[in-house]
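Here's a quick briefing for anyone meeting this structure for the first time. Have a look at the sequence and the model, then come back for a tour of the main sights.

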Amino acid sequence: MSNPFPAVNEEAISDWVGPRSFQLGHSYLADGAILEPRLQGCTLKAWCQGSKAQPYRLRDTYSAEGIEEADCSCPVGGGGRCKYVGALLLAWLDQPAAFRAVEDRT
């Protein structure tokens with residue numbers, strides 16, 4: 001699968017979530033914390049298992065320029081600049097074929 005979001009790379013992800021969340025995102029990705037990754041149009045969606053019993057809901061939308069907006073249901077995830085969104089974006093770079101395409105309902 002070719003990358004439909006060419007402006008998104010590790011530098012763009014680090015700029016979006018910040019260096020600390022970027023590094024922590026790598027750890028969550030390596031631990032297999034990203035669950036049920038999906039691609040819906042220009043939006044990535046998944047769950048991420050953090051330290052709480054319930055996984056966090058993740059969403060990240062792209063435009064031609066790169067990351068447009070993101071959100072996470074974690075306590076600091078408003079605006080989508082947390083470690084869990086970092087893990088989602090890194091998962092997309094690392095394993096885009098793992099994202100199941102779902103119908104875009106927009």
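Is Glu 36 buried or exposed? Glu 36 is exposed, with a relative accessible area of 55%, and anything over 50% counts as exposed. Keep in mind that this is a predicted model. The bullets below go from that residue to the core, the rings, the helix α1 and a couple of loop positions.

**Glu 36**

- Glu 36 lies in strand β1.
- Its backbone has a quirk: Glu 36 has a positive phi of about 50° although it is not a glycine.

**The nonpolar core**

- The largest nonpolar core here holds 31 residues. Leu 44, Leu 58, Tyr 84 and Val 85 are the ones with the most contacts inside it.
- Plenty of elements chip in: α1 (10-17), α2 (19-30), β1 (34-40), β2 (43-48), β3 (56-63), β4 (66-72) and α3 (83-94) each give two or more residues to this core.
- Helix α3 provides the largest share of the core, with eight residues.
- Want to see what surrounds Leu 44? Leaving out residues up to four places away in sequence, Leu 44 touches a long list of partners, including Phe 5, Leu 39, Leu 58, Tyr 62, Leu 88, Leu 89, Trp 92 and Phe 99. Charged residues turn up on that list too, among them Arg 38, Arg 59 and Asp 60.

**Rings that meet**

- The count of aromatic pairs comes to three.
- One of them joins Tyr 28 and Tyr 84 edge-to-face, at 5.1 Å centre to centre and with 70° between the planes. This pair links distant parts of the chain, with Tyr 28 in helix α2 and Tyr 84 in helix α3, 56 residues apart.
- Both of these tyrosines are tucked away: Tyr 28 is buried, with a relative accessible area of 17%, and Tyr 84 is buried at 5%.
- Tyr 84 also pairs with Tyr 56. Their ring centres are 4.7 Å apart and their planes are at 45°, so this pair is tilted.
- Tyr 56 lies in strand β3 and Tyr 84 in helix α3, so the pair ties together parts that are 28 residues apart in sequence.
- Tyr 56 is buried as well, with a relative accessible area of 9%.
- Put together, ring pairs link Tyr 28, Tyr 56 and Tyr 84 into a cluster.
- There's another ring worth a look, this time with a charge above it: the charged end of Arg 81 sits over the ring of Trp 16, 3.6 Å from the ring centre.

**Helix α1, inside and out**

- Which residues of α1 are buried? They are Ile 13, Ser 14, Trp 16 and Val 17.
- These buried residues cover an arc of only 160° around the axis, so they sit on the same side of α1.
- There's a simple bit of background here: an α-helix has 3.6 residues a turn, so residues three or four places apart point the same way.
- Turn to the face of α1 that looks away from its buried side, and you'll find the exposed residues Glu 11 and Asp 15.
- The cover over the buried residues of α1 includes α2, β4 and α3.
- Ser 14 is the polar one to check out in α1: it is buried, with a relative accessible area of 18%, and under 20% counts as buried. Setting aside its neighbours within four places in sequence, Ser 14 is in contact with Pro 19 and Phe 22.
- Both ends of the helix have a detail to spot. At the start of α1, a side-chain oxygen of Asn 9 comes to within 3.1 Å of the backbone nitrogen of Glu 11. Just after α1, Gly 18 takes a positive phi of about 95°.

**Two loop positions**

- Gln 95 is in the loop between α3 and β5 (100-102), and at 44% relative accessibility it counts as partly exposed.
- Gln 95 and Pro 37 are 58 residues apart along the chain, and their C-alpha atoms are separated by 10.0 Å.
- Pro 75 is in the loop between β4 and α3, where it is exposed, with a relative accessible area of 74%.
- From Pro 75 to Glu 11 it's 64 residues in sequence and 25 Å in space, C-alpha to C-alpha.

Note on methods. Residues are numbered from 1 along each chain as its sequence is written. This is a predicted model: local features need pLDDT of at least 70, side-chain atom pairs count only at pLDDT 80 or more; totals for chains, interfaces and linings use all residues. Side-chain values use heavy atoms; hydrogens and water are left out. A nonpolar core is a set of buried Ala, Val, Leu, Ile, Met, Phe, Trp, Tyr and Cys residues joined through side-chain atoms within 4.5 Å. Buried means under 20% relative accessible area, exposed over 50%, partly exposed in between (1.4 Å probe, protein chains only). Helices (H or I, at least four residues) and strands (E, at least two) are DSSP runs, numbered from the N terminus. Contact means heavy atoms within 4.5 Å. Rings of Phe, Tyr and Trp (its six-membered ring) pair if their centres lie within 6.5 Å; planes under 30 degrees apart count as stacked, over 60 as edge-to-face and the rest as tilted. A charge sits over a ring if NZ of Lys or CZ of Arg is within 6 Å of the ring centre and within 35 degrees of the ring normal. The arc is that of the directions from the helix axis to the C-beta atoms. A polar contact is a pair of N or O atoms within 3.5 Å; within protein, one must be able to donate a hydrogen and the other to accept it, and residues adjacent in sequence count only if both atoms are side-chain atoms.
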